[in-house]
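Colleague: Please take a close look at one part of this model for me, the protein surface that meets the DNA, and carry the account on to the contact between the protein chains. I would like one connected description, with the cut-offs stated as you go.

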There are 2 protein chains.
Amino acid sequence: MSDPITKAISVLREKGLRITEQRKAILEVLSKADSPISAEENHAMLVASQCDLVTVYRSLEQFVKAGVVELGVRENGTKVYCFGHGHGHHHHLTCRMCGDSERVDVCMKNELEEIARGYGYQEVTHVMEVFGVCPSCS
Amino acid sequence: MSDPITKAISVLREKGLRITEQRKAILEVLSKADSPISAEENHAMLVASQCDLVTVYRSLEQFVKAGVVELGVRENGTKVYCFGHGHGHHHHLTCRMCGDSERVDVCMKNELEEIARGYGYQEVTHVMEVFGVCPSCS
DNA sequence: CTAGCCTGTGCAAAGATTTGCATCAACAAG
DNA sequence: CTTGTTGATGCAAATCTTTGCACAGGCTAG
């Protein structure tokens with residue numbers, strides 16, 4: 001049960017999503033990546049590209065909605081995905097040269113929600129990504 | 001000189017960028033918008049679509065690099081642009097229903113740079129967007 | 001185990017954004 | 001004002017992502 005994939009699958013089941021070979025393969029790829037990856041990269045890493053690229057896009061979107069996968073953005077706007085690894089919401093510090101990334105646990109969630117409430121906004125969410133040049137690339 | 005367009009133009013000149021009719025038109029549209037807008041929206045608002053959509057994409061990108069325009073992201077990943085209005089770096093609280101947005105002057109710039117430096121990262125930048133449902137839409 | 005419902009998948013096509021390349025024109029120098 | 005350099009533009013095409021639709025297959029109830 002400590003296996004992140006097994007865990008993700010049970011969460012998906014709870015949410016009423018179906019477990020298919022394609023989705024298992026996509027999760028498999030995600031668990032092997034050590035940095036957040038895009039839908040295309042995920043598809044390329046599937047053994048023998050066993051499923052359609054469109055399915056990867058759609059599945060990742062579902063995983064994010066279900067809360068088992070975290071969504072991020074590259075500096076150029078590309079969406080990237082990674083496992084939450086139990087920490088849930090978090091952010092990344094990504095190298096704009098090599099794409100490597102570090103987990104950043106700082107977050108202004110609370111401050112932001114307070115400010116938003118000040119403007120009368122409800123259901124507040126946010127996206128944040130940090131970019132730089134890592135030691136190896138500078 | 002208090003005119004944001006005139007100001008933007010002089011900055012662009014300083015940076016060695018050329019001032020064309022197309023770019024002036026794009027800045028004009030940007031100055032009229034009261035919320036950040038996408039490249040496509042900007043193009044649609046150009047009188048008689050006087051320039052190619054591709055040019056709008058490229059020009060906005062240049063404006064961001066030159067620092068006269070701020071880049072944001074919608075919740076679905078679309079890039080949006082707005083004038084910095086002299087406040088320079090800032091963020092937005094955007095309604096996910098109607099697209100209206102408020103300027104948010106809170107920013108963790110300093111904390112983030114410190115953290116990034118802790119990992120040995122240089123040239124740190126970040127993107128942050130806050131989303132919610134505004135009073136009129138809820 | 002079987003049947004049926006309804007989600008998930010693949011294909012095709014639309015839509016959004018980026019890139020390559022030849023031509024055009026802004027700007028600096030003379 | 002004229003000219004040359006070099007960045008900017010438009011068109012076409014490639015790339016990335018989303019959407020529509022018919023069919024296949026996961027899961028629940030019997």
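Modeller: By class, the surface near DNA strand C has 6 nonpolar, 7 polar and 9 charged residues, where a residue is near a strand if one of its heavy atoms lies within 4 Å of it; Ala, Val, Leu, Ile, Met, Phe, Trp, Tyr, Cys and Pro are counted as nonpolar, Asp, Glu, Lys and Arg as charged, and the others, Gly among them, as polar. This is a predicted model, in which local features need pLDDT of at least 70 and side-chain atom pairs count only at pLDDT 80 or more, whereas totals for chains, interfaces and linings use all residues. Residues are numbered from 1 along each chain as its sequence is written, chains are lettered from A and ligands numbered from 1 in the order in which they are written, and side-chain values use heavy atoms, with hydrogens and water left out.

Of the 22 residues around DNA strand C, those that come nearest are Thr20(A), Arg23(A), Thr55(A), Arg58(A) and Tyr57(B). Sugar and phosphate make up 70% of the strand C atoms that come within 4 Å of the protein. Thr55(A) has a polar side-chain atom 2.5 Å from a phosphate oxygen of this strand, a polar contact being a pair of N or O atoms within 3.5 Å, with the added conditions within protein that one must be able to donate a hydrogen and the other to accept it, and that residues adjacent in sequence count only if both atoms are side-chain atoms. The bases of strand C are also reached, with a side-chain N or O atom of Arg58(A) 2.7 Å from a base oxygen and a polar side-chain atom of Arg58(B) 3.3 Å from a base oxygen.

The elements that each supply at least two residues of this surface are α2 (21–32) and α4 (53–66) of chain A, together with α4 (53–66) of chain B; helices (H or I, at least four residues) and strands (E, at least two) are DSSP runs, numbered from the N terminus. The largest share, 5 residues, comes from α4(A).

For DNA strand D, 22 residues surround the strand, the closest being Arg18(A), Tyr57(A), Arg23(B), Thr55(B) and Arg58(B), and here 67% of the strand atoms within 4 Å of the protein belong to sugar or phosphate, the rest to bases. A side-chain N or O atom of Arg18(A) is 2.6 Å from a base nitrogen of strand D, while a polar side-chain atom of Arg18(B) is 2.9 Å from a base oxygen. On the phosphate side, a backbone N or O atom of Ile19(A) lies 2.9 Å from a phosphate oxygen of strand D. The largest share of the surface near strand D, 5 residues, comes from α4(B).

Turning to the protein chains, their contact (heavy atoms within 4.5 Å) takes 37 residues from chain A and 37 residues from chain B. The two chains bury about 3000 Å² between them, 65% of it on carbon and sulfur atoms, buried area being the accessible area (1.4 Å probe) that two parts lose on being put together, summed over both. Met108(A), Tyr119(A) and Tyr121(A) supply 21% of the area that chain A buries against chain B, more than any other three residues. Strand β5(A) is joined by 9 bridges to β5 (residues 122–133) of chain B, and the two run antiparallel; strands pair if DSSP finds at least two bridges between them. In this arrangement His126(A) stands opposite Val130(B) in β5(B).
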